[in-house]
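User: I'm new to this structure. Could you pick one helix and take a close look at it for me?

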Amino acid sequence: MPRVAVITDSNSGITQMDAKNMGIDVVPMPFTIDDKTYYEDINLTREEFFQMMGDDKEILTSQPSPADLTNLWDKALEKNDQVVYIPMSSGLSSSCQNARMLANDYNGRVFVVNNQRISVTQKRSVEDALAFAANGMDAARIREILEKERFDASIYIMLDTLKYLKKGGRVTPAAAAIGTLLRIKPVLQIKGERLDAFSKARTLNQGKQIMINAIHHDIDTQFDGFDKGNVWLYAVHAQVPEAFSVFKKEVQDAFPHIPEEDGQLSLSVCCHIGPGALAMACVHKSDKL
């Protein structure tokens with residue numbers, strides 16, 4: 001049975017403390033803020049990030065340097081036979097493709113997973129990988145399963161503001177101005193490699209119901225319904241604890257037979273959508289567990 005190390009990046013929302021408890025390593029994602037480089041959960045806390053965002057500082061996402069990545073792999077391979085590396089979705093960043101190129105130099109000991117997830121759904125992939133490794137699977141088989149199941153997850157995000165989509169060029173200034181005037185709350189979807197518009201809401205309650213209905217639909221049509229206990233359910237947010245406490249209860253009431261897990265949207269997502277967002281996610285439980 002091979003010794004397999006699991007490594008991911010902080011786009012998963014897994015903190016450095018969580019990583020220690022899980023027995024994994026997490027590559028901290030770099031951000032450039034007013035020309036200075038910060039690393040998530042190393043010298044940049046969530047509170048500091050959102051404070052800088054509130055101060056309207058210029059925040060740019062980046063990706064780990066080759067040295068940061070290979071140093072972690074080398075360290076893991078001192079005690080393990082293989083590494084499974086689970087980065088954020090290849091459709092949202094080039095870091096996955098770059099990691100795959102680096103892995104070519106490791107003679108089949110490093111397996112980079114392109115399972116096109118981010119935030120809590122990426123975290124779920126990490127947890128699955130750990131379970132697979134504990135059951136004796138080698139890294140190649142773990143990668144195969146995670147990539148085969150990559151689309152068995154959905155995230156819906158209701159934005160509080162269009163400001164950051166406008167800054168990122170995802171909506172025009174005119175559309176953002178009209179949306180702000182009409183108090184439209186866009187609901188976005190992340191499924192696979194894309195962040196796309198899903199729906200529009202005029203009120204907070206309408207937006208929350210749109211997400212709840214969307215998760216109901218996905219579970220009913222894609223994940224074999226509610227009666228088999230085969231779904232992981234998440235309620236998450238972007239630095240809005242008071243609104244989240246209400247939302248969490250509404251999610252639990254809407255899905256009384258599915259245990260709900262809390263989480264926070266990773267900073268790489270928040271960078272593009274801004275603070276105040278509420279979100280839901282579901283993941284189909286792997287039949288290999």
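Analyst: Here is a walk along one helix, with a little on its surroundings. This is a predicted model, where local features need pLDDT of at least 70, side-chain atom pairs count only at pLDDT 80 or more, and totals for chains, interfaces and linings use all residues. Residues are numbered from 1 along each chain as its sequence is written, and side-chain values use heavy atoms, with hydrogens and water left out.

The protein chain comes to 11 helices and 13 strands (DSSP runs numbered from the N terminus: H or I of at least four residues for helices, E of at least two for strands). Of its 289 residues, 50% are buried, meaning under 20% relative accessible area with a 1.4 Å probe, protein chains only.

Now for helix H10, residues 241-254. Its 14 residues reach 20 Å from first C-alpha to last, close to the 20 Å expected (1.5 Å times one less than the number of residues). Which residues of H10 are buried? They are Phe244, Phe247 and Val251. These sit on the same side of H10, because they cover an arc of only 65° around the axis (taken from the directions from the helix axis to the C-beta atoms).

And what covers them? The cover includes helix H9 (204-222), along with strands E11 (231-237), E12 (260-264) and E13 (278-284).

Zooming back out, take contacts (heavy atoms within 4.5 Å) in the protein chain between residues at least 6 apart in sequence: 74% of these join residues at least 24 apart.
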